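Trainee: I am new to this structure and would like a close look at a single part before I take in the rest. Please choose a part on the outside, and then lead me from there towards the interior.

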Amino acid sequence: MENFDLKGFAKGKKQQKEQIGGNAIIYTRVSSSEQVDGQSLEVQIDKCRKYAKVRSYTVIGEFGGTYESAKSDKERKEFNRMLAFIKQSNKKGSSQPVKTVIVFSTSRFSRTGSTTIIEEVEARGAYVVSATSNYDPRTPVGKYLQLMELANARFQNDEKRATTIENSVKALLKGRWIGKAPRGYDQKTTKKEQIITINEEGKLIRKAFLWKANNKLSNEEIRHRLAAEGFHICKQKLSELFKNPFYCGYMAHKFLQGDIILGNHPPLIPKEIFLKVNGELSKNHSGYEQKIDKEYAPLLGSIKCPCCGKNLSASISTKMRKRFGRTDIGYYVCSRKGCKYNSSTKKVHEAFEEEVNRYALSDKVSELLKMQLTITFEYMNQENRERAKSIKANIKAKEKELEQVETNYALCTDAKKQSICEKVMTKLEKEVRDLKGST
């Protein structure tokens, strides 16, 4: 019998059995681009809608419904959009709170097997149910079964990746390239054979190698010559091109773990020319040597180019070091394309000192000003550093995703699926270029 006199001192709340039904949202996804044209999405959404109808759920939103592949589940845009919707819907006073997320299967919901993706939903006041399972994840047994499904998804994903890598290594060891052939080549891959041929761009790339090896032209001059013949390439890509042994008939890939394999494709240039070009690249013809320790340029990061407004970089003159043994000749340089501004560190420091000397301050005020300037400079550059860090992380993620799609493309023999892979690769390559161009 309850003692009503002491009830005010009781702890905890009496659990009430949660009723089936209420507001729900549906989340669907496919794990690879080739499934977009199949029935996977249609099957998922149909099954989820039927599940909701049988259990009297009111579906107030549908998310996913597209190809989303990422190393981390939380990188998926539709998933993040869904989380934001749940958070907004479950705010205090909301007229349409969301308590249930219906997915086709837990294993398809998260191919990485991470429990975090479930926890992200639960942290916002909802839980995930599977339209192809009968357990209730709100019970201990149901939660256990849900976690087992996630673990099984992780195992299948890892097993599939291991098999893909093993097959890729076997193909590479036989001289078969497993990705999209680099610029300058046309490629036709079937289950039985792979045909890689040199195209018109390849002939121009051969010229670029010869210009570098025999005429010792700078990369910038080579770029201008190529552009005049209709071949446009940025300076970073040209450097990468010169360092790719594919053009001399060999293959380098991370799956080979540091080995170089002779490929079946036709080389653009002899190995001797490739090595000669890279010997030239190891030299610095610009007359400047980049330094990591830049004590000679204390204003770095605080001054901008007077011509274009871009942040200036700093370098030491290698010519003065090599000819006269001097290592104290530094320069502030603008690296923006088309802007050739540079000025010696000595000249800039003298101008800065002259400007500072115009202001006479007491020692006490000077110390306070120094502290404030330090704080201000940190604050002004913090955003740039965070932005650069974010861009680098995005580039790395996109490049990994591109590499995976290239591998799928190489191992795929269906022309329609290859076409989809090519579209995805083109999109990812553009995104990587755009990200690199924004740094």
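Mentor: A patch is made of residues with over 30% relative accessible area and no salt bridge, with like charges joined within 9 Å and nonpolar side chains (Val, Leu, Ile, Met, Phe, Trp, Tyr) within 5 Å; a salt bridge is a side-chain nitrogen of Lys or Arg within 4 Å of a carboxyl oxygen of Asp or Glu. This is a predicted model, in which local features need pLDDT of at least 70 and side-chain atom pairs count only at pLDDT 80 or more, while totals for chains, interfaces and linings use all residues. Residues are numbered from 1 along each chain as its sequence is written, and side-chain values use heavy atoms, with hydrogens and water left out.

The part I have chosen is a nonpolar patch on the surface, formed by Y359, L361, V365, L369, L373, F377, Y379 and M380, which together have about 810 Å² of accessible area (Shrake-Rupley method, 1.4 Å probe, with only the protein chains shown counting as cover for residues). Within this patch, L361 has its place in the loop between α11 (345-356) and α12 (363-411), where helices (H or I, at least four residues) and strands (E, at least two) are DSSP runs numbered from the N terminus. L361 has a relative accessible area of 43%, so it is classed as partly exposed, a class that lies between buried (under 20%) and exposed (over 50%), again with a 1.4 Å probe and protein chains only.

Two loop residues carry the view of the outside further. S56, in the loop between α1 and β2 (57-67), is exposed because its relative accessible area is 54%, and its phi is near 65 degrees, a positive value in a residue other than glycine. Q257, which lies in the loop between β7 and β8 (260-262), is also not a glycine, yet has a positive phi of about 55 degrees; with a relative accessible area of 72%, Q257 is therefore exposed.

Turning inwards, helix α1 (residues 40-54) holds Q44, whose relative accessible area is 2%, so Q44 is buried. Although Q44 and R29 are 15 residues apart in sequence, their C-alpha atoms are 8.2 Å apart in space. Strand β10 (residues 313-317) is mostly covered as well, since four of its five residues are buried.

The interior can also be followed through its rings. The whole structure contains nine aromatic pairs (ring centres of Phe, Tyr or Trp, its six-membered ring, within 6.5 Å; planes under 30 degrees apart are stacked, over 60 edge-to-face, the rest tilted). One of them is the stacked pair of Y51 and Y57, at 6.4 Å centre to centre with 10 degrees between the planes, and both of these tyrosines are buried. Another stacked pair joins Y185 and Y247, at 6.0 Å centre to centre with 25 degrees between the planes. Y185 lies in strand β5 (residues 185-189) and Y247 in the loop between α8 (235-242) and β7 (250-252), so this pair ties together parts that are 62 residues apart in sequence. Both Y185 and Y247 are buried, and ring pairs link them with W177, F209, F242, F246 and F274 into a cluster.
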